[in-house]
Amino acid sequence: MPYPDATFDEVICNSAFPHFPHKLKALKEMARVLKPGGRVVICHTKARETINNLHRSLGGVIAGDQIPPGSEMMGMLVAAGLTGIEIDEGHDYYLASGVKARYE
């Protein structure tokens, strides 16, 4: 992203995360542009499995565009340097979030 480090209070990724080919790299970039104490939010208006099944059914290049399972997403958020991680896989929504440490 063409932004300086520590630019934003919050980064919201709405209905796009499965389409990033390098998900950990994308999360690290989101964390990089956050101010200390800032939050990353990954959200979708459908459940993780609903989205993953839809993408698989469409086939082609989008078939592999998946929201990772909880433990994998948790690991990526931690690897991106985020804490206070929450993952909420609702019946008709998906939310994952983490906070950039206030002090390094």
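A salt bridge here is a side-chain nitrogen of Lys or Arg within 4 Å of a carboxyl oxygen of Asp or Glu. By that criterion, this predicted model holds 7 salt bridges. Below is a quick tour of the nonpolar core, the helix that feeds it and some of the charged pairs.

**The core**

- The largest nonpolar core comes to 21 residues. If you want the residues with the most contacts inside it, look at F17, L27, M30, V40, I42, M73 and L77.
- Two or more residues each come from β1 (8–14), α1 (23–32), β2 (34–44), α3 (70–79), β3 (82–89) and β4 (94–100). The top contributor is α1, which gives 4 residues.
- L77 is worth a click: leaving aside residues up to four places away in sequence, its contacts are L27, L82, I85, I87, A96 and S97.

**Helix α1**

- The buried residues in α1 are K23, A26, L27, M30 and A31. Looking down the helix axis, you'd find the buried residues of α1 within an arc of 135°, so they line one face.
- As a reminder, an α-helix has 3.6 residues a turn, so residues three or four places apart point the same way.
- As for partners, the buried residues of α1 pack against β1, β2, α3, β3 and β4.

**Salt bridges between separate elements**

- In general, side chains of opposite charge can pair when their charged atoms come close.
- D5 and R32 make one such pair, with 2.6 Å between the closest N and O atoms. This bridge links distant parts of the chain, since D5 sits in the segment before β1 and R32 in helix α1, 27 residues apart.
- D5 itself counts as exposed because its relative accessibility is 53%, and the exposed class is anything over 50%.
- K35 and D9 also form a salt bridge, at 3.6 Å from N to O. K35 belongs to strand β2 and D9 to strand β1, so the pair ties together parts 26 residues apart in sequence.
- The two ends of that bridge fall into these classes: K35 is partly exposed, with a relative accessible area of 32%, while D9 is exposed at 54% relative accessibility.

**A charged network**

- R48 and E49 form a salt bridge too, their closest N and O atoms being 3.2 Å apart.
- R48 has 13% relative accessibility, so it counts as buried; E49 has 37%, so it counts as partly exposed.
- There's a wider set to see around this pair: R48, E49, R56 and E89 are linked in a network of salt bridges.

Key: Residues numbered from 1 in each chain as written. Predicted model: local features only at pLDDT ≥ 70, side-chain atom pairs only at ≥ 80, totals over all residues. Heavy atoms only, no water. Core = buried A, V, L, I, M, F, W, Y, C linked by side-chain atoms within 4.5 Å. Buried < 20%, exposed > 50% of the residue type's maximum accessible area, 1.4 Å probe, protein only. Contact = heavy atoms within 4.5 Å. Arc of directions from axis to C-beta.
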